[in-house]
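Okay, thanks for having me, everyone. Let me put the structure up on the screen, and then we can walk through it together.

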There are 2 protein chains.
Amino acid sequence: MSGYTSIWLEDFEAGQHAVYGEHHFTREAVLDFAHKYDPQPFHLDDEAAARTHFKRLSASGWHTAAACMKLLAAWHFKIRADAEARGEPLPALGPSPGYQNLQWPRPVYPGDTITFSGTITGARKMNSRPGWGLITLKPEGHNQHGEKVFLYDSTVMIACRGNTGT
Amino acid sequence: MSGYTSIWLEDFEAGQHAVYGEHHFTREAVLDFAHKYDPQPFHLDDEAAARTHFKRLSASGWHTAAACMKLLAAWHFKIRADAEARGEPLPALGPSPGYQNLQWPRPVYPGDTITFSGTITGARKMNSRPGWGLITLKPEGHNQHGEKVFLYDSTVMIACRGNTGT
């Protein structure tokens, strides 16, 4: 895997791209997540799913989002851990003002392996909060056939260089 | 609980509101979800969380979204089940073109009980797909202090009356 290794706002720039990793959706995990969090027939039952636009049992969109988050977070926190191991100061962690354009263009089926990646689409300092900036990040998921199954636009507050929050 | 009981596009109208139910976030569930899907320090570790804007350990935003989905889906499928029990035909199930404005204005902490509700903000027939329409729905979550902790704008394809998909 290759990709950006930015941690401070000043390190981020539009166009940076990283492959966060792959997630394999087992039938068991698809059913387990749906039972717990998204009990709709097309996520729970083969026969009911066959009668819908999904054609067959598919993963909850929130399951796909959560699997993406896991790999995205692991990517970003691995970069922080590497910096920490080098004895470098770490940026303060900021919240997300929100996400836009959360979409699932195709179903994720049990047995699918989704590759999650992300592209930085913008980075700027906040006028309203000294020491902080905003990055926009577009995470995406593609299945083993190269088809896009998931995307959204994320905005996250990132500390400017030197803002360690202490 | 009271609220709309719409299943066909023609039954939905802006302003309809339903309380889907409550979800209690235990510390165990918050940690379990974060380990599985959102391994960021402020969702995993008390000490790390204390050093962030969250002040203390908080639930993954995707955990909150998933808990909302569970109650929202249960609400809508209970209405379908009730119609089915009365021997009525059921609408075909359509996909969601996507979600907008996914926001977490305040953290959800272990021990919080979140009440999830939803308001229909629009309903219209699709010109491009006979037999189908689009509703817009704004799900929200409020904590036990009445503070809004979660919201988004959802668009879902809903069958027009008589479109059972068969």
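I'll start with how the two chains meet, then go to the sheet, the helices and a few single residues. One thing to keep in mind from the start: this is a predicted model.

So, how many residues of chain A are in contact with chain B? The count is 27 residues of chain A against 27 residues of chain B. On the chain A side, α4 (61-85) and β2 (98-103) each supply at least two of those residues. The biggest giver there is α4(A), with nine residues. If you sort that side of chain A by class, you get 15 nonpolar, nine polar and three charged residues.

Let's take the strands next. Here's a bit of textbook before we look: strands of a sheet pair through backbone hydrogen bonds, either parallel or antiparallel. In our model, β2(A) and β2(B), which covers residues 98-103 of chain B, pair in the antiparallel sense over two bridges. If you want a spot to zoom in on, find A:L102, which stands opposite B:Y99 in β2(B).

Now zoom out. What is the order of the strands in the open sheet? Reading across, we have β1(A)-β3(A)-β4(A)-β5(A)-β2(A)-β2(B)-β5(B)-β4(B)-β3(B)-β1(B), ten strands with antiparallel pairing. At the edges sit β1 (17-24) of chain A and β1 (17-24) of chain B, each pairing on one side only. On average, neighbouring strands of this sheet are turned by 20° against each other, if you ignore direction.

Some of the pairings inside each chain are nice to trace. In chain A, β2(A) is joined to β5 (residues 148-159) by four bridges, and the two run antiparallel. Look for A:Q100 there: A:D153 in β5(A) is its bridge partner. Over in chain B, β3(B) and β4(B) run antiparallel with ten bridges between them. Those two form a hairpin with six residues between the strands, where B:G131 takes a positive phi near 90°. Next along, β4(B) and β5(B) are joined by nine bridges, again antiparallel. Their hairpin has five residues between the strands, and B:G146 in the turn has a positive phi of about 85°.

Okay, helices. In chain A, α4(A) lies across β1, β3 (113-125), β4 (132-142) and β5, at about 130° to β1(A). In chain B, α4(B) lies across β1, β3, β4 and β5 of its own chain, at about 130° to β1(B). We can also do a quick check on α4(B): it has 25 residues, so at 1.5 Å a residue it should span 36 Å, and its end C-alpha atoms are indeed 36 Å apart. After α4(B) comes B:G87, which has a positive phi near 80°.

What angle do α4(A) and α4(B) make where they pack? It's about 170°, with the axes 10 Å apart. Angles over 145 degrees count as roughly antiparallel, so that is what we call α4(A) and α4(B). The contact uses A:W62, A:A65, A:A66 and A:M69 from α4(A), and B:W62, B:A65, B:A66 and B:M69 from α4(B). Sorted by class, the contact has eight nonpolar residues, no polar and no charged. The spacing of those numbers fits a general rule you may know. An α-helix has 3.6 residues a turn, so residues three or four places apart point the same way.

Last stop, a few single residues. Is B:F12 buried or exposed? B:F12 is buried, because 21 other C-beta atoms lie within 10 Å, and the cut-off for buried is 20 or more. You'll find B:F12 in the segment before β1 of chain B. Beyond its close neighbours in sequence, within four places, B:F12 is in contact with B:S6, B:I120, B:A123, B:I135 and B:I158. Two of those, B:A123 and B:I135, are bridge partners between β3(B) and β4(B).

And the odd ones out? Most residues other than glycine have a negative phi. But A:K55 has a positive phi of about 75° and is not a glycine. A:K55 is in the loop between α3 (46-50) and α4 of chain A, and it counts as exposed, with 12 C-beta neighbours inside 10 Å. In chain B, B:K55 also has a positive phi of about 75°, and B:K55 is exposed too.

Technical notes
Residues numbered from 1 in each chain as written. Chains lettered and ligands numbered in written order. Predicted model: local features only at pLDDT ≥ 70, side-chain atom pairs only at ≥ 80, totals over all residues. Contact = placed C-beta atoms within 7 Å. Nonpolar A, V, L, I, M, F, W, Y, C, P; charged D, E, K, R; others polar. Pairing = 2+ DSSP bridges. Expected span 1.5 Å × (residues − 1). Axes fitted to C-alpha atoms, helices over the stretch in contact; angles between N-to-C directions. Parallel < 35°, antiparallel > 145°, perpendicular 65-115°, else oblique.
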